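Student: Please take a close look at one part of this model for me. I would like to know how its charged side chains are placed and paired.

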Amino acid sequence: MKLKKLLKRLNFFDSHAGQLKESEEGLSKVMKKLQEKEAQLRKAINLEADEEERELLLQELNICLSQSRKGSELLVKIRAQTEP
């Protein structure tokens, strides 16, 4: 094989690793935003006096928690793929 062909194949493998790294970075940013939203919702729940509004906030908090859990699992899978 010629050098150009070998370099082309090498770039193919590097591009896959680069895509995984971009996915990991993007997911990490989303996870941080979810954590901030969770903290904000917990604070709002503690301050809320109306029971109906508190229930709505709790539902939203549960959604954030489930998204966070799924994101954590996905992040672990992505990191496992990037390690040799």
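**Salt bridges and the second helix**

Tutor: In this predicted model, Lys37 and Glu60 form a salt bridge, with their closest N and O atoms 3.3 Å apart. Lys37 belongs to helix α1 and Glu60 to helix α2, so this pair ties together parts that are 23 residues apart in sequence. Both ends are partly exposed: Lys37 has 34% relative accessibility, and Glu60 has 32%.

A search of the whole structure finds two salt bridges. The other joins Glu24 to Arg79, where the closest N and O atoms are 2.8 Å apart. Glu24 lies in helix α1 (residues 3-47) and Arg79 in helix α2, so here the parts tied together are 55 residues apart in sequence. Glu24 is buried, at 19% relative accessible area, because the cut-off for buried is under 20%. Arg79, at 38% relative accessibility, counts as partly exposed.

Helix α2 supplies a residue to each pair. This helix has 32 residues and reaches 46 Å from its first C-alpha to its last, close to the 46 Å expected at 1.5 Å a residue. Its buried residues include Leu57, Leu61, Cys64, Ser68, Gly71, Leu75 and Ile78. An α-helix has 3.6 residues a turn, so residues three or four places apart point the same way.

There is also charge outside the salt bridges. Asp50, Glu51, Glu52, Glu53 and Glu55 gather in a patch of negative charge on the surface. Of these, Glu53 lies in helix α2 (residues 51-82) and is partly exposed at 33% relative accessibility.

How values were computed
Residues numbered from 1 in each chain as written. Predicted model: local features only at pLDDT ≥ 70, side-chain atom pairs only at ≥ 80, totals over all residues. Heavy atoms only, no water. Patch = residues over 30% accessible without salt bridge, like charges linked within 9 Å, V, L, I, M, F, W, Y side chains within 5 Å. Areas by Shrake-Rupley, 256 points an atom, 1.4 Å probe, with all protein chains shown as cover. Salt bridge = Lys/Arg side-chain N within 4 Å of Asp/Glu carboxyl O. Lys, Arg positive; Asp, Glu negative; His and termini not counted. Charge placed at Lys NZ, Arg CZ, Asp CG, Glu CD. Helix = DSSP H or I, 4+ residues; strand = E, 2+ residues; numbered from the N terminus. Buried < 20%, exposed > 50% of the residue type's maximum accessible area, 1.4 Å probe, protein only. Expected span 1.5 Å × (residues − 1).
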